[in-house]
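Here are my comments on the model you sent. Please have it open as you read.

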Amino acid sequence: MTVRVRFAPSPTGSLHIGSVRTTIYNYFFARQHKGTLILRIEDTDQDRLVAGAVESLYEGLRWMGVTWDEGPREGGPHAPYIQSERLPLYQRAAQDLIDKGAGYFCFCSKERLAALRAQQAANRQITRYDRHCRSIEPKEAAERAKTEPHVVRLKVPDDGVIAVDDLVYGRVEWPIETIEDQVILKSDGFPTYHLAVVVDDHAMGITHIFRGEDWLPSTPKHLLIYQAFGWTVPPIAHFPNVLGQDGKKLAKRHGATKVEQFRADGYLPEAMVNYLALIGWAPGTEEEVFTMDDLVQRFRIDQVQKAGGKWDRDRLDWFNGVWIRRLADPDLIGRLDPFMPAEWDRDVIRKALPLMRERMRTLVEGRELVRFLFTDELTVDAAALVPKKQDRGAAARALARATAALRDVTPFEEAEIEAALRRVSEELGWHIREVSHVVRVATMFGPIGLPLFDSLELLGTERTMARLAHAADILGEGPRGGTRADA
RNA sequence: GGCCCGUUCGUCUAGAGGCCCAGGACGCAGCCCUCUCAAGGCUGAGAUCAGCGGUUCGAAUCCGCUACGGGCUACCA
């Protein structure tokens, strides 16, 4: 039997980290088993639709490197793959259940239902539907259904136990009396999630049902629907939730949760996939840097964690750094490109690359690292120019010496620049660190981490000299009058 | 309130009765390297395995209870 798994998001917002994690687990499993991956859009709640959500989904997953075989745009043998376009199927299924005596029309108003719930809650009773319409004669109900607004509910058995053998959580049981007569078809003719998911999974030949942990409590409802249809239930696995720092299910209020945000912040899809895969799954070895292909090969359902895992930005940042360092030069350049202003000289960026690559955790940080090479707009603060344990006058003198020494350096290259500055430090009796500090702040506008000598070479003689002169002015003027440079 | 799930360093986790007075990684601290910052290397702090009772010669690993946390409880998914 060939594996067919699906991921079935609701288009209610932009692609979310939590659902991505579930999606990649589906992906790993499908590809590992040379199976078929299906994308199905579950848009049965017309009130919650968000424009552009499907687009965001496609864009986000494409970026992450997740591909699938059947879906709304890809088509496939079970098209359409959007639930709102499959309404007749669900309506027929609901009618089927009614005909079998496993479902019934319910004419209760939302007001009655709300009042019922309120009353039950006030009496500290279990809030559940009181089966008011269950006793209406089928013929009479069918007749009323022609004119009256109604829903279809599932006839849940009175007692017994229903259980699932979850691939992650093991056996989970529910007393049937805790389950109410679920609405399966809404008054607008749309199915509820519960009906739609069962009908579609069956119709589309889904062999394994994988979804987030938050669905575990509604599994008995689905089991009962399978039972009512007389269908066999495929193996089911729930994956633990991704949690925010407070231990609650990751949500918008936890900060960045959309993949497009991480993309814009300069994260690599490789790092996202790698990091996300390791929340809730571990290979049982001490390895932890994995490509998508590695993960497809190594992932195992029985190694999936039961407990939810907290989102840890620091760890993601580390993985991102790892993946940036792993990229080949041309690849890294390509990734960096969209983050660099168009007017910045790509040639210079290419030359700066070896200096940057071990110093950025995100592509955005990479951009900030080389900003000084492309703009003179940044300002220097006089106090920042003065090394620790030195005073302003000394800094001014050192700057003057360095300027003089640098002026004559030819060729203006890293080794020669270093030699010149080392000579200055000897003459001054300063540590090279202190000389570097002054020159660094003067030319790079701050304690930028790139190596100074290489950076000056990239900057070139002219701009280096101009910036040194400018810094000298700042040091010389100062609010306290300062000491004039003596050179 | 009801139903269900979970609980190993701050975080992600290894661990499926003796190899564990618990290993790795992130983060943190220190040292080395070093023009700064990173990267890299080394070292260190950090978990009485939620608690309590059992089973066993022996328990993080098996059982029970309790506590705490979480999810669900809609004509939302």
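The points below cover the RNA contacts and then one helix.

1. Status. This is a predicted model. Please read each distance below as a value computed from it.

2. The RNA surroundings. How many residues surround RNA strand B? The count is 63, and the closest are S10, G280, E358, R422 and G449. Much of the RNA side of this contact is backbone: sugar and phosphate make up 73% of the strand B atoms that come within 4 Å of the protein.

3. Character of the surface. The residues near RNA strand B split into 25 nonpolar, 25 charged and 13 polar.

4. Elements involved. Several helices and strands each give at least two residues to the surface near RNA strand B. The helices are α4 (110-122), α11 (313-326), α18 (432-444) and α19 (452-459). The strands are β4 (151-154), β6 (170-175) and β11 (309-310).

5. Polar contacts to look at. Two arginines reach sugar or linking oxygens of RNA strand B. A polar side-chain atom of R48 lies 3.3 Å from one such oxygen. For R315, a side-chain N or O atom is 3.3 Å from a sugar or linking oxygen. C108 goes to a base instead: a backbone N or O atom of C108 is 3.4 Å from a base nitrogen of the strand.

6. Helix α14. Which residues of α14 (residues 363-370) are buried? They are L363, G366, L369 and V370. These residues lie on the same side of α14, because they cover an arc of only 105° around the axis. An α-helix has 3.6 residues a turn, so residues three or four places apart point the same way. The cover over the buried residues of α14 includes α11, α12 (329-336) and α13 (346-356).

Definitions and conventions
Residues are numbered from 1 along each chain as its sequence is written. Chains are lettered from A and ligands numbered from 1 in the order in which they are written. This is a predicted model: local features need pLDDT of at least 70, side-chain atom pairs count only at pLDDT 80 or more; totals for chains, interfaces and linings use all residues. Side-chain values use heavy atoms; hydrogens and water are left out. A residue is near a molecule or strand if one of its heavy atoms lies within 4 Å of it. A polar contact is a pair of N or O atoms within 3.5 Å; within protein, one must be able to donate a hydrogen and the other to accept it, and residues adjacent in sequence count only if both atoms are side-chain atoms. Helices (H or I, at least four residues) and strands (E, at least two) are DSSP runs, numbered from the N terminus. Ala, Val, Leu, Ile, Met, Phe, Trp, Tyr, Cys and Pro count as nonpolar, Asp, Glu, Lys and Arg as charged, and the others, Gly among them, as polar. Buried means under 20% relative accessible area, exposed over 50%, partly exposed in between (1.4 Å probe, protein chains only). The arc is that of the directions from the helix axis to the C-beta atoms. Contact means heavy atoms within 4.5 Å.
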